[in-house]
Amino acid sequence: MLGSVFAGIGDGFLLFLIASGLTLIFGVMRILNFSHGGYFMLGGYFVYQAVASGSPISLPLPLFVLAVVGGALAVGVVGIATERLIFRKIYRLSDIASLLGTFGLLLVIEGVAEIIWGVNPMSVPFPTALGRSIVVGGVRVGTYSIVLIAVGIVVAVGLWALLWRTAFGERARAVAEDRYVCELAGVNTALVSTSVFALGTVLAGLGGALATPLIALTPDVATAFIIEAFAIVIVGGLGSISGAMIAAIGFGVADSLAITYYPPLSGVIFFILMFVVLLVRPQGLVSNARGLA
Amino acid sequence: MKKHRMTFAALAACSLVIAACSSAGTSTGSSSTAPPSQSQGSSSSSAGGGGETSASSASQASTESSGSTASGSGFTGEPLKIGFLDTMTGANGNVGQLALQGAQIAVDQWNAQGGVLGRKIELEVKDEELSPDKTVQHMREFASEGINLVTGFTSSADVLAAKPLAEQNNQLIVTAGTTDTSLTTTQHSKNVYEVAANVHMMNVAAAHLAATEWKDTKVWDGVAYDYLTGHDAWNEFGKLLATANPNAKTGKTAFVPFTATQDTPFINSLLAGNPDPQSSALYFFLFGGGAVQFAKQAHPLDLFKQYKVVAGIGAGEEFSSALGAEGPHIYYVHDYFYQGYDNPVNQAFIDAWKKLPPFQGLNLYGPHEWTYEGYTAMLAYLNAIKTAGSTETDAVRTALSSIEFDSPMGKVKFDPSNILAAPVTVWQCQGDSTAQFGYKCFGAESVGPDVTLAK
């Protein structure tokens with residue numbers, strides 16, 4: 001039981017890293033960004049390219065940390081470029097049109113990745129000392145899962161502080177509530193949008209970069225994770241970072257328990273919970289109809 | 001606003017078109033999703049020495065490589081087009097691309113020797129995207145183009161979709177990579193032949209080894225994909241194991257969805273059975289990216305070290321290659337391992353493969369079994385055409401059912417159920433940080449060919 005719960009929390013925090021950027025971008029820009037999975041995938045491939053494109057034999061921890069940070073920032077640069085070139089044209093479109101547009105962008109990113117890295121599954125070794133497990137309360141727990149949980153907590157706290165304790169956060173929340181009034185008040189909303197979008201894509205890139213020791217890198221990774229991330233964002237409440245965290249951990253633990261105690265529900269429990277939550281609370285677990293929560 | 005909308009619409013359309021082109025590149029047979037070994041156009045794939053695969057698609061590669069040898073070989077007739085239909089893009093695109101690599105080697109070798117019946121051989125490549133609908137569409141296109149001989153295929157479901165059309169249009173299919181047992185039993189068709197060892201053959205081999213080489217194993221846990229073939233494979237293995245080794249029994253099982261992104265709960269579920277490293281074994285029926293992901297998440301929890309034997313059914317060296325030094329010690333139970341066979345055809349095959357550039361970061365010491373399957377499927381066709389003296393469907397089918405031909409695994413022939421009666425090969429790989437690619441493989445052993453008998 002304890003092992004299942006812990007595994008679920010670890011899985012949940014990885015999903016939270018992806019979902020937090022997705023919900024942040026929605027909260028400010030009001031856009032359902034399907035291409036978010038593409039930025040996640042790029043984070044993984046950037047790390048692979050930096051540290052493991054030869055023979056995956058061993059990976060010193062400092063090199064891995066550098067690669068993860070560099071990969072996430074590089075994804076942020078890609079995010080800024082796409083925000084300026086593409087998303088600024090999408091913001092004012094209808095929800096359906098923007099959804100299709102971002103889905104098209106996801107396909108483009110997947111296609112480019114396939115051209116560059118091919119379709120063969122690739123992997124990155126665990127950084128030194130993190131490819132092991134320790135026993136906690138009689139349960140074997142991967143040290144890397146503990147790292148993921150720690151990073152997830154740091155990201156959650158950091159986002160909260162950034163949005164609620166800084167001038168940037170104040171502007172971002174204001175733009176999220178009423179972009180038009182902000183523009184009248186002289187706020188550079190374009191800059192805020194670009195900054196938030198960059199932050200969201202950095203979070204996606206960070207998630208992808210940190211996931212590399214745990215996944216097989218293929219272009220399809222983008223689609224696989226974005227579906228779960230979307231479910232988490234919807235259940236957590238669109239635009240709600242705290243809601244995304246609660247939903248991600250809840251889903252992770254529920255799925256883990258299902259696999260342990262009733263395997264036929266594995267993979268399905270995720271969507272059953274989503275259905276139930278939306279029936280009871282259509283606005284999501286934590287919601288703010290007019291901005292970030 | 002209108003201007004914005006038009007701009008966006010154009011942008012979205014362009015995005016979708018680009019994406020479609022990049023993900024379904026070979027659907028016309030002349031665009032570019034050939035493996036880099038061919039599309040980069042930098043190397044020969046011809047053991048015969050005359051081929052020069054320099055084109056942006058496999059069909060172009062074939063045309064040009066054949067063309068370069070044609071001038072010296074004196075082809076007398078129209079080029080013979082053979083359809084190659086497989087998944088070339090997406091999550092399992094590496095399977096089709098590696099099979100195409102093998103088919104192309106065979107084509108180049110034969111073209112260097114003058115082709116078949118004096119005709120230059122060309123591959124017409126189409127990407128079925130692992131979709132029965134696309135498969136049907138492309139089979140129809142082949143029929144309308146007058147192509148009656150088709151090879152490739154990774155998915156048994158896609159073969160089942162293609163089968164009625166093949167029978168209706170009198171086309172032949174020699175599958176390279178399909179493994180579902182039903183294709184040679186309940187779904188048997190006189191128009192479909194299979195080269196790869198099927199699940200039944202691999203299960204028989206694994207059960208045979210469980211009673212002989214691995215007779216100390218008492219409990220077999222299983223992990224398989226959560227789909228019909230995964231469940232059937234595990235259930236059949238359990239029955240075969242009970243017969244072959246009454247002292248052994250099946251234990252915990254984990255069926256992993258294809259779409260799973262988190263495998264740790266499945267791994268914990270296996271560990272909850274407290275496998276004994278001295279007497280437990282793991283039946284591992286995962287492949288592709290899912291197998292790699294499972295192993296990655298199992299690594300810190302030492303799952304594989306809890307088992308005396310890990311028997312990989314269907315997976316291959318791409319698994320060990322992706323994992324490098326983190327790869328577990330695994331016995332592969334599959335059809336071909338390049339070190340396992342000492343004959344001129346295998347040597348020529350290996351030599352031709354070595355001239356190819358590395359395939360998309362896949363670090364291999366020898367040709368992959370999917371490459372062997374594509375190669376041998378093509379050899380089957382070419383030998384049958386040569387024997388029949390014709391490319392007509394009925395003549396080629398008669399020849400396929402009767403000829404014995406040289407393959408990398410020695411002389412082989414199709415059995416009455418239309419599957420190649422070749423041995424199952426068992427070999428071992430494990431992570432090794434001192435090895436060139438972070439893993440090493442060794443110990444090839446043939447099991448069969450009696451295991452090729454249909455159920």
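How many Å should the 16 residues of helix α9 of chain A span at 1.5 Å a residue? The expected figure is 22 Å, and the end C-alpha atoms of this helix (residues 221-236) sit 23 Å apart, so the two agree. Keep in mind that what you're looking at is a predicted model. Here's a quick tour, starting with two helices of chain A and then moving over to chain B.

**Two helices in chain A**
- Helix α9(A) is mostly covered, with 14 of its 16 residues buried.
- Step just past the end of α9(A) and you meet A:Gly237, which takes a positive phi of about 110 degrees.
- Helix α3 of chain A covers residues 61-90, which makes 30 residues.
- From first C-alpha to last, α3(A) reaches 40 Å, close to the 44 Å expected at 1.5 Å a residue.
- Look for a bend in α3(A) at A:Glu83, where the helix turns by about 50 degrees.

**Where the two chains meet**
- On the chain B side, 54 residues are in contact with 56 residues of chain A.
- Five elements of chain B give two or more residues to that side: α1 (2-23), α4 (93-112), α9 (264-271), α10 (288-298) and α11 (317-323).
- The most comes from α1(B), which puts in twelve residues.
- Sorted by class, the chain B side has 23 nonpolar, 26 polar and five charged residues.

**Chain B as a whole**
- Chain B has 455 residues, and buried ones make up 61% of them.
- Its secondary structure adds up to 14 helices and 14 strands.
- Take the contacts in chain B with a separation of 6 or more: 72% of them link residues 24 or more positions apart.

**The domains of chain B**
- The domain assignment splits chain B into domain 1 (27-197 + 345-412) and domain 2 (200-334 + 423-452).
- Where these two touch, domain 1 of chain B supplies 14 residues and domain 2 of chain B supplies 16.
- The domain 1 side of that contact has six nonpolar, six polar and two charged residues.

**A covered strand in chain B**
- Strand β13(B) takes in residues 424-431, and six of its eight residues are buried, so the rest of the structure largely encloses it.
- Its pairing with strand β10 of chain B (residues 330-334) is antiparallel and runs over five bridges.
- To pick out one pair, B:Tyr331 has B:Gln428 in β13(B) as its bridge partner.

**Two loop residues in chain B worth a look**
- B:Gln262 lies in the loop between β7 (249-256) and α9 of chain B.
- That loop residue is buried: B:Gln262 has 26 other C-beta atoms within 10 Å.
- Although 32 residues separate B:Gln262 and B:Phe294 in sequence, their C-alpha atoms are 8.3 Å apart.
- B:Gln262 also touches two residues of the other chain, A:Asp11 and A:Asp255.
- B:Asn363 is in another loop, the one between α12 (344-354) and α13 (369-388) of chain B.
- Because B:Asn363 has 20 C-beta neighbours inside 10 Å, it counts as buried; the cut-off for that label is 20 or more.
- B:Asn363 and B:Gln436 are 73 residues apart along the chain, with 9.1 Å between their C-alpha atoms.

Terms used. Residues numbered from 1 in each chain as written. Chains lettered and ligands numbered in written order. Predicted model: local features only at pLDDT ≥ 70, side-chain atom pairs only at ≥ 80, totals over all residues. Helix = DSSP H or I, 4+ residues; strand = E, 2+ residues; numbered from the N terminus. Expected span 1.5 Å × (residues − 1). Bend = angle between axes of the 7 residues up to and from the residue. Contact = placed C-beta atoms within 7 Å. Nonpolar A, V, L, I, M, F, W, Y, C, P; charged D, E, K, R; others polar. Domains from an automatic or database assignment. Buried ≥ 20, exposed ≤ 12 C-beta atoms within 10 Å, placed from the backbone. Pairing = 2+ DSSP bridges. Lists of a residue's contacts leave out its neighbours within four places in sequence.
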